[in-house]
Amino acid sequence: RLSEAELDTFFRPLLHQSFVRRDMTRFLRAVSGRWTLEAAQTFSHFLHPVLLVWGKDDPFFSPRLAIRLQQAFPDARLIYLSHTRAFVPLDQPEALAQHILEFVPVA
(Lines give C-alpha, C1' and ligand atoms only; values in the text may rest on other atoms or scores of the structure.)
Protein backbone atom coordinates (compact mmCIF):
# COMPACT_ATOMS: atom_id res chain seq x y z
CA ARG A 1 0.00 0.00 0.00
CA LEU A 2 1.11 3.52 -0.70
CA SER A 3 1.79 5.75 2.25
CA GLU A 4 -0.30 8.83 2.94
CA ALA A 5 2.58 10.99 1.69
CA GLU A 6 2.78 9.06 -1.59
CA LEU A 7 -0.98 9.26 -2.10
CA ASP A 8 -0.84 12.96 -1.35
CA THR A 9 1.86 13.41 -4.00
CA PHE A 10 -0.40 11.82 -6.59
CA PHE A 11 -3.75 13.34 -5.69
CA ARG A 12 -3.11 16.72 -4.03
CA PRO A 13 -2.75 18.56 -7.37
CA LEU A 14 -5.98 16.99 -8.63
CA LEU A 15 -7.84 18.02 -5.50
CA HIS A 16 -6.43 21.51 -5.10
CA GLN A 17 -5.53 22.88 -8.53
CA SER A 18 -8.32 23.65 -10.96
CA PHE A 19 -6.06 23.61 -14.04
CA VAL A 20 -5.01 20.03 -13.18
CA ARG A 21 -8.65 18.98 -12.96
CA ARG A 22 -9.36 20.75 -16.25
CA ASP A 23 -6.47 19.03 -18.01
CA MET A 24 -7.39 15.65 -16.53
CA THR A 25 -11.00 16.07 -17.68
CA ARG A 26 -9.86 17.05 -21.17
CA PHE A 27 -7.55 14.03 -21.33
CA LEU A 28 -10.17 11.56 -20.10
CA ARG A 29 -12.75 12.84 -22.58
CA ALA A 30 -10.25 12.37 -25.42
CA VAL A 31 -9.15 8.87 -24.46
CA SER A 32 -10.23 6.32 -26.99
CA GLY A 33 -9.89 2.56 -26.96
CA ARG A 34 -9.34 2.76 -30.70
CA TRP A 35 -5.57 3.28 -30.44
CA THR A 36 -5.18 0.53 -27.89
CA LEU A 37 -7.14 -1.92 -30.02
CA GLU A 38 -5.16 -1.00 -33.12
CA ALA A 39 -1.89 -1.52 -31.27
CA ALA A 40 -3.10 -4.85 -29.87
CA GLN A 41 -3.66 -6.14 -33.39
CA THR A 42 0.09 -5.87 -34.01
CA PHE A 43 1.16 -7.85 -30.93
CA SER A 44 1.15 -11.19 -32.74
CA HIS A 45 3.80 -9.82 -35.14
CA PHE A 46 6.17 -8.84 -32.33
CA LEU A 47 8.68 -11.67 -32.42
CA HIS A 48 10.79 -10.77 -29.39
CA PRO A 49 10.41 -11.97 -25.81
CA VAL A 50 8.00 -9.96 -23.67
CA LEU A 51 7.97 -9.76 -19.88
CA LEU A 52 4.67 -8.97 -18.16
CA VAL A 53 4.88 -8.31 -14.43
CA TRP A 54 1.37 -8.07 -13.02
CA GLY A 55 0.11 -7.06 -9.62
CA LYS A 56 -1.77 -10.01 -8.17
CA ASP A 57 -3.94 -7.71 -6.06
CA ASP A 58 -4.64 -5.20 -8.83
CA PRO A 59 -8.24 -3.95 -8.48
CA PHE A 60 -8.26 -2.35 -11.94
CA PHE A 61 -6.66 -4.90 -14.27
CA SER A 62 -7.79 -8.46 -13.67
CA PRO A 63 -5.68 -11.60 -14.06
CA ARG A 64 -7.93 -12.45 -17.02
CA LEU A 65 -6.59 -9.36 -18.81
CA ALA A 66 -3.02 -10.37 -17.98
CA ILE A 67 -3.56 -13.79 -19.54
CA ARG A 68 -5.22 -12.25 -22.56
CA LEU A 69 -2.26 -9.90 -23.03
CA GLN A 70 0.20 -12.75 -22.60
CA GLN A 71 -1.61 -14.82 -25.23
CA ALA A 72 -1.54 -11.92 -27.69
CA PHE A 73 2.26 -12.12 -27.94
CA PRO A 74 4.01 -15.14 -29.46
CA ASP A 75 6.68 -15.20 -26.73
CA ALA A 76 5.45 -13.65 -23.48
CA ARG A 77 6.24 -14.55 -19.91
CA LEU A 78 3.72 -13.53 -17.24
CA ILE A 79 4.75 -13.11 -13.62
CA TYR A 80 2.32 -12.24 -10.83
CA LEU A 81 3.59 -10.36 -7.80
CA SER A 82 1.73 -10.89 -4.55
CA HIS A 83 0.91 -7.88 -2.37
CA THR A 84 1.06 -5.72 -5.49
CA ARG A 85 -1.62 -3.63 -7.15
CA ALA A 86 -1.72 -1.54 -10.34
CA PHE A 87 1.56 0.32 -9.80
CA VAL A 88 4.08 -2.51 -9.69
CA PRO A 89 7.12 -0.15 -9.78
CA LEU A 90 5.84 1.62 -6.66
CA ASP A 91 4.58 -1.43 -4.78
CA GLN A 92 7.55 -3.72 -5.38
CA PRO A 93 10.40 -1.90 -7.14
CA GLU A 94 13.08 -4.37 -6.01
CA ALA A 95 11.12 -7.42 -7.18
CA LEU A 96 10.36 -5.77 -10.52
CA ALA A 97 14.02 -4.86 -11.01
CA GLN A 98 15.07 -8.43 -10.20
CA HIS A 99 12.62 -9.88 -12.74
CA ILE A 100 13.87 -7.46 -15.38
CA LEU A 101 17.50 -8.37 -14.64
CA GLU A 102 16.64 -12.07 -14.98
CA PHE A 103 14.72 -11.46 -18.20
CA VAL A 104 17.12 -9.21 -20.11
CA PRO A 105 20.01 -11.14 -21.61
CA VAL A 106 23.45 -10.04 -20.48
CA ALA A 107 25.69 -9.13 -23.39
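These legends accompany several close-up views of a predicted model.

**View 1. A nonpolar patch on the surface.** Here you can look at six side chains by name: Leu7, Phe10, Phe11, Leu15, Phe87 and Leu90 form a nonpolar patch on the surface. Together they offer about 590 Å² of accessible area. Which helix gives the most to the nonpolar patch? That is helix H1, covering residues 4-16, with four residues. Leu7, one of the patch members, has its place in helix H1. With a relative accessible area of 30%, Leu7 is partly exposed.

**View 2. The salt bridge between Asp8 and Arg12.** Staying with helix H1, this view turns to a charged pair, Asp8 and Arg12. Their side chains meet in a salt bridge, at 3.1 Å from N to O. How far apart do the two residues lie in helix H1? They are four residues apart, which is about one turn of the helix. Asp8 is partly exposed, with a relative accessible area of 35%. Arg12 also counts as partly exposed, at 43% relative accessibility. As a general reminder, side chains of opposite charge can pair when their charged atoms come close.

**View 3. The salt bridge between Arg34 and Glu38.** Now move along to helix H3, which spans residues 33-40. In this helix, Arg34 and Glu38 are four residues apart and so are separated by about one helical turn. The Arg34 and Glu38 side chains meet in a salt bridge, with 3.0 Å between N and O. Are these two partners buried or partly exposed? Arg34 counts as partly exposed, with 49% relative accessibility. Glu38 counts as partly exposed too, with 36% relative accessibility.

**View 4. A salt-bridge network with Asp23 and Arg26.** Which residues are joined into one network by salt bridges that share partners? They are Arg22, Asp23 and Arg26. Within this group, the side chains of Arg26 and Asp23 meet in a salt bridge of 3.8 Å, N to O. Because Arg26 and Asp23 are three residues apart in helix H2 (residues 18-30), about one helical turn separates them. Their accessibility is worth a look as well: Arg26 counts as exposed, at 53% relative accessibility, while Asp23 counts as partly exposed, at 34%. For the whole model, the count comes to four salt bridges, among them the Arg26 and Asp23 pair shown here.

Technical notes. Residues numbered from 1 in each chain as written. Predicted model: local features only at pLDDT ≥ 70, side-chain atom pairs only at ≥ 80, totals over all residues. Heavy atoms only, no water. Patch = residues over 30% accessible without salt bridge, like charges linked within 9 Å, V, L, I, M, F, W, Y side chains within 5 Å. Areas by Shrake-Rupley, 256 points an atom, 1.4 Å probe, with all protein chains shown as cover. Buried < 20%, exposed > 50% of the residue type's maximum accessible area, 1.4 Å probe, protein only.
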